[in-house]
Structure formats: structure tokens, C-alpha cells
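Open the model in your viewer and keep the selection panel at hand. This tour goes stop by stop, saying what to select and what is there.

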Amino acid sequence: MRDLTYSDSPDQPAIEVDASQIADSRRAFTPYAPFGTCSLGPSRSAIRAFGTKLVPRRFPRMGSILNWPIWRLSLLGRPGPVDLEPYEGFRLRLYPRENHADTKCYARPGLVDLPEEAAIARCLTGSMDQEAVVVDVGANTGTYSVLCAHLAAKAGKTARLLCIEANPKTQNRLVANLAFSGLDDQTTVARCAVSDSPGMVQLQTGTWNLGSVKVTDGAPSLYQKGLINVPARPLSSIVADAGLTRIDFLKIDIEGHEVQAIGPFLRDAPEHLFPRMVLAETKHDAGNALRKVLTDAGYTATLEGRSDTVFEQ
């Protein structure tokens, strides 16, 4: 695994560290304890399985409502993470009480709704060669990246992953999950935020959801737990550091900072680097600014999800 870190100096190039050595040095502690250390147990697994099968995936809203008390029951009196294998051969250590993305992966029969999953699979299957290139902006704990690797494998392809994550606490969980799933040799992790210029930005952390951190101007917020300073780089710079020459699928979910992240990339990058498909969280898209950036770059919205939109060239 290539593990890229960035300093507070915008002129300092990425520094590559050995992620496997980091994991080995902390193997006695979560999140790096061996997979299986946090197994759910047969009784709790049975409760969880009942909830995930209660409602067919084609009724996602009903499933979310009915399954909520069941997944909570399966974790009653059990704090901490859970080790799961949501797809054959792909393993994740999830923190359902601390991260909404982990909650979705734990509680639902699929991380995303069926139409979104089908769109991602179609994109990865249509890659020009045996390597499907995936960029995950706001990679969180790796649930989307691992899903893409699974879908690529089903199509007989290998997923080359660039996972970009700004939250230092989530970064370690991301690296561990990629290692648990055997994706070390095909992944680059970039430990930084994505913005329109290099430098330092402030992240506002959520009250419980590690996935809700967002770049902020430092103004007080009702949901503010604290502000942390992290390095930021333009997406084009990170893609260059990762050595990518094309992108099949790009997922971006960075809590309202999407325009500053992808806008300059689509304005300045050569067209051969434009992703064939973009899945963007659009529920924070005030004034449809993100939608306009993508349509101006030649993309068309082909699928409207509950909180995300799929755009294709």
C-alpha cells in the first residue's frame, strides 16, 4: 500500500510512508488488531442477519425504518467495533455507533441502493482493460472502496484504488480495512483534504459521526465538537502523486465541499483524466452548484438516488 502524507507547507511534496509498518507497530490495538478479534458472535449475528433480510433491497426506505431497532438490538450491551465480511473475501472492521457509513454497511443488506450498485458495477465492468481505476474522495473507513473492489472482482477485474481521507482518526481505520481486505498492493491512500488550493484547512468534526467532518471557515456551529487543522491539496495534485493516467469511477462525499474539490480538477485537468462516471453526494448541493460544475464539464445526471447522484460523460 502506498501511504501518502502531506505537510503544512503547500510546497512540500507528498511523503510516502510504509503503511504496513505502521499497522504492525500497533497490531495489539484497535483498529490494527488481527481481523476476527472483534467478531460479533452467533447470537448477535443471527439478530443482525434477520434484520438485513427483513425487507427486500428494492424497498430501501422501508428497510431502513424497520431495521433500525433490530441492528441496535444486535449491539445492545456491546460497545466497540465489529468485524464483518460483507462480501466474500472482503473484510471490514466497522464502528456502527461512531460512523454512519459503517452503520449502513452493518445494518443493510447492501451499502448502497440497488440502482447505484448496478451503475457502479456497469462502470467498472466497462473499464478499458483489466484494471478499473477508482478514486474515492472522502473515503471514510473504506466501505465504498471495498465495495468497488468487490464489484470489480465479480467482473473479473482488479480495482486500482486512490483513497483520499482528511480525518486523522478515520485514516487509520481506512488503512486497516484495506489491509484486512487484501487490497494493499492495489491502493494508494492520501492523508489530506481536497480543496481548490494547497495549504492547511480546518475540519469541523461531528458529535458522533466520524464521517460528517467537513472543511469549515471556523465559524461556530450547533453540531461542532472541535476544529482540527489538516493539510489540503488540489485533486489534480493528488492524482498526479498517485501516478494515475485515467479514472473510471470517482465517488465524492465531503459534506458540501465538493465544488471546491472537483471544480478546479474538471477545469484544469486533461480530458483523458476525466472520470467516466462520478457518484456525488448532492444533498448538500446548495443552489445546484455542484450539478452545474459537472454539467458544464460535459456530464449528464443518469441516476438520482436518495442522497447521491450519478453523472456520466
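## Stop 1: the largest pocket

Start with the largest pocket, which is lined by 49 residues. Select Asn209, Gly211, Asp253, Glu255 and Glu281, the lining residues that lie nearest its centre. Bear in mind that this is a predicted model.

Now colour the elements that give two or more residues to this lining. The helices are helix 4 (100-107) and helix 6 (143-154). The strands are strand 6 (158-165), strand 8 (193-194), strand 9 (199-205), strand 10 (214-216) and strand 13 (277-281). The volume of the largest pocket is about 1,000 Å³. Colour its lining by class and you get 19 nonpolar, 17 polar and 13 charged residues.

## Stop 2: the second largest pocket

Select Ser64, Trp68, Trp71, His100 and Thr103 next. Of the 14 residues that line the second largest pocket, these lie nearest its centre. Helix 3 and helix 4 are the elements that give two or more residues to this lining. The largest share, five residues, comes from helix 3.

This pocket has a volume of about 300 Å³. Its lining has five nonpolar, four polar and five charged residues.

## Stop 3: helix 3 against helix 4

Stay with these two helices. How do they cross? The axes of helix 3 and helix 4 come within 10 Å, at a crossing angle of roughly 95°. Angles of 65 to 115 degrees count as roughly perpendicular, and helix 3 and helix 4 are therefore roughly perpendicular to each other.

Show side chains for the contact. Helix 3 contributes Asn67, Trp71 and Ser74, and helix 4 contributes Thr103, Tyr106 and Ala107. Three of the contact residues are nonpolar and three are polar, with no charged residue.

## Stop 4: helix 3 against helix 2

Keep helix 3 (residues 60-74) on screen and add helix 2 (residues 42-53). Their axes come within 8 Å and cross at roughly 170°. That makes helix 2 roughly antiparallel to helix 3.

Pick out Arg44, Ile47, Arg48, Phe50, Gly51 and Thr52 on the helix 2 side. They meet Asn67, Ile70, Leu73 and Ser74 of helix 3. By class, this contact has four nonpolar, four polar and two charged residues.

Before leaving helix 2, select Lys53, which is found there. Is Lys53 buried or exposed? Lys53 is exposed, with a relative accessible area of 69%. Draw a C-alpha to C-alpha line from Lys53 to Leu244: it spans 39 Å, and the two are 191 residues apart in sequence.

## Stop 5: the cavity

How many cavities of 30 Å³ or more does a search of the whole structure find? It finds one. The largest cavity has a volume of about 170 Å³. Select Pro60, Gly63, Ser64, Arg108 and Pro109, which of its 18 lining residues are the closest to the centre.

Helix 2 and helix 3 are the elements that give two or more residues to the cavity lining. Helix 3 gives the most, with four residues. By class, the lining of the largest cavity has eight nonpolar, six polar and four charged residues.

## Stop 6: helix 9 and its cover

Move to helix 9 (residues 258-268). Its buried residues are Glu258, Ala261, Ile262, Gly263, Pro264, Phe265 and Leu266. Show what covers them: the cover includes strand 8, helix 8 (235-242), strand 12 (249-252), strand 13 and helix 10 (289-296).

## Stop 7: three asparagines in loops

Select Asn167, in the loop between strand 6 and helix 7 (168-180). Asn167 is buried, with a relative accessible area of 4%. Leaving aside neighbours within four places in sequence, the contacts of Asn167 are Leu203, Leu210, Val213 and Ile228.

Go on to Asn140, in the loop between strand 5 (131-137) and helix 6. Phi of Asn140 is near 55°, a positive value in a residue other than glycine. At 10% relative accessibility, Asn140 counts as buried.

Finish on Asn288, in the loop between strand 13 and helix 10. Asn288 also has a positive phi, about 55°, although it is not a glycine. At 45% relative accessibility, Asn288 counts as partly exposed.

Notes
Residues numbered from 1 in each chain as written. Predicted model: local features only at pLDDT ≥ 70, side-chain atom pairs only at ≥ 80, totals over all residues. Heavy atoms only, no water. Axes fitted to C-alpha atoms, helices over the stretch in contact; angles between N-to-C directions. Parallel < 35°, antiparallel > 145°, perpendicular 65-115°, else oblique. Contact = heavy atoms within 4.5 Å. Nonpolar A, V, L, I, M, F, W, Y, C, P; charged D, E, K, R; others polar. 1 Å grid on protein atoms, 1.4 Å probe; cavity = no way out; pocket = protein on both sides within 12 Å on 5 of 7 lines; lining within 4 Å. Points joined across faces, edges and corners; volume = space filled by probe spheres on them. Buried < 20%, exposed > 50% of the residue type's maximum accessible area, 1.4 Å probe, protein only.
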